[in-house]
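Hi,

Here is the structure I promised to pass on. Have a look at it first, and then read my notes below.

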Amino acid sequence: MSNQLLQGKKGIIFGALDDKSIATKVAEKCVEAGAQIVLTNAPVAFRFGEIQKLAERLGCEAIPADATSLEDLENLVDKSMEILGGQIDFVLHSIGMSLNVRKKRAYTNLKYEWMQKTFDISAISFHKVMQTLFAKNAMSEWGSVMALTYIAAQRTFPDYNEMAESKALLESFARSFGYHFAQQNKVRVNTISQSPTKTTAGSGVKGFDVFFDYADKMSPLGNAPAEACADYCLFMFSDLSRYITMQNLYHDGGFSNMGMSPAVLDIE
Ligand SMILES: NC(=O)c1ccc[n+]([C@@H]2O[C@H](COP(=O)([O-])OP(=O)(O)OC[C@H]3O[C@@H](n4cnc5c(N)ncnc54)[C@H](O)[C@@H]3O)[C@@H](O)[C@H]2O)c1
């Protein structure tokens with residue numbers, strides 16, 4: 001889809017790790033839609049080289065920043081404003097990582113130091129990004145800040161583990177900061193609650209493939225693919241969505257409003 005929906009807009013995109021990452025699809029589509037972007041990811045992600053290749057392909061800069069470090073975030077925002085030549089119109093937070101999930105700890109036997117680190121990386125980083133932008137008055141009027149989340153924030157999906165609470169916290173930060181940003185200069189803050197998607201972070205969840213198929217059957221439209229999530233992000237970054245703020249927006253093929261689907265019971 002080629003359009004100029006984001007012509008003249010400037011954005012920062014967190015979380016493009018490889019070609020499966022949702023943030024990679026968003027970055028590609030933003031550039032296609034006329035935006036100028038800066039890519040960023042944790043310094044460790046730069047070791048794999050994929051993000052530099054993506055930056056080259058899209059003709060943009062990639063700046064390492066650990067999203068839990070205020071120092072890194074300040075540097076990122078300053079440099080991005082220099083590179084892009086002024087205030088930022090949109091930001092995507094596409095970051096998630098759970099230490100307890102990675103180390104296969106059961107929800108009933110969590111290590112709390114790891115849980116705190118998980119919250120810091122997956123949720124508090126969103127507050128840190130917004131606080132850094134807010135303090136520097138780095139967002140332009142009617143700008144748009146987005147983060148990606150999952151329905152485990154509202155309902156129990158046992159294998160999602162401590163990421164459920166991370167996402168609940170993330171969504172709450174969007175509502176609370178959304179108020180303050182609207183007061184400062186009409187900046188909007190929202191989360192998109194996305195279907196299960198086959199990426200590095202997604203596949204880290206136990207039983208992901210089986211669950212992916214279940215969710216696909218439960219959703220009348222099927223699971224929403226990463227490309228469609230990117231389209232939704234573009235709409236949210238654009239001027240077409242100016243009065244949407246402090247919302248958690250389901251992008252899930254209808255999954256969130258289903259009770260039972262014959263497709264799952266195989267009785268169609
Ligand atoms: N894949 C799914 O099924 C799914 C579903 C709903 C929501 N989401 C959310 O979408 C977002 C993107 O995930 P994805 O599925 O594209 O997977 P991904 O693994 O491609 O992206 C996760 C990103 O987080 C980055 N990251 C980790 N620690 C960081 C840190 N300290 N500082 C900066 N970046 C850091 C990683 O380098 C990576 O780029 C996450 O918030 C995830 O929870 C994913």
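Below is what I found, beginning with one strand and its partners and then turning to the nonpolar cores. Please keep in mind that this is a predicted model.

A good place to start is strand β5, which spans residues 139-149. Eight of its eleven residues are buried, so by the cut-off of 20 or more other C-beta atoms within 10 Å, the strand is mostly covered. Strand β5 has pairing partners in β4 and β6. With β4 (residues 88-93), the pairing is parallel and has five bridges; one pair to look for there is Ile88 with Met139 of β5. Strand β6 (residues 188-194) also runs parallel to β5, and six bridges join these two. Here you can pick out Leu148, whose bridge partner in β6 is Ile192.

How do β5 and β6 connect? Together with helix α6 (residues 163-185), they make a right-handed β-α-β unit.

Now for the cores. Nonpolar side chains tend to be buried together in soluble globular proteins. The largest nonpolar core in this model has 60 residues, and those with the most contacts inside it are Ile13, Val26, Ala27, Leu39 and Cys233. Helix α9 (residues 226-237) gives the most to this core, contributing seven residues. If you want one residue to click on, try Ala27: leaving aside neighbours within four places in sequence, Ala27 is in contact with Ile13, Ala16, Ile37, Leu39, Leu54 and Leu58. There is also a second, separate core of nine residues, including Val101, Tyr150, Ala153 and Val205.

Happy browsing, and best wishes!

Key
Residues are numbered from 1 along each chain as its sequence is written. This is a predicted model: local features need pLDDT of at least 70, side-chain atom pairs count only at pLDDT 80 or more; totals for chains, interfaces and linings use all residues. A residue is buried if 20 or more other C-beta atoms lie within 10 Å of its own, exposed if 12 or fewer, and partly exposed in between; C-beta atoms are placed from the backbone. Helices (H or I, at least four residues) and strands (E, at least two) are DSSP runs, numbered from the N terminus. Two strands pair if DSSP finds at least two bridges between them. A crossover is right-handed if, with the strands pointing away from the viewer, the path from the first strand over the helix to the second runs clockwise. A nonpolar core is a set of buried Ala, Val, Leu, Ile, Met, Phe, Trp, Tyr and Cys residues joined through C-beta atoms within 7 Å. Two residues are in contact if their C-beta atoms, placed from the backbone, lie within 7 Å.
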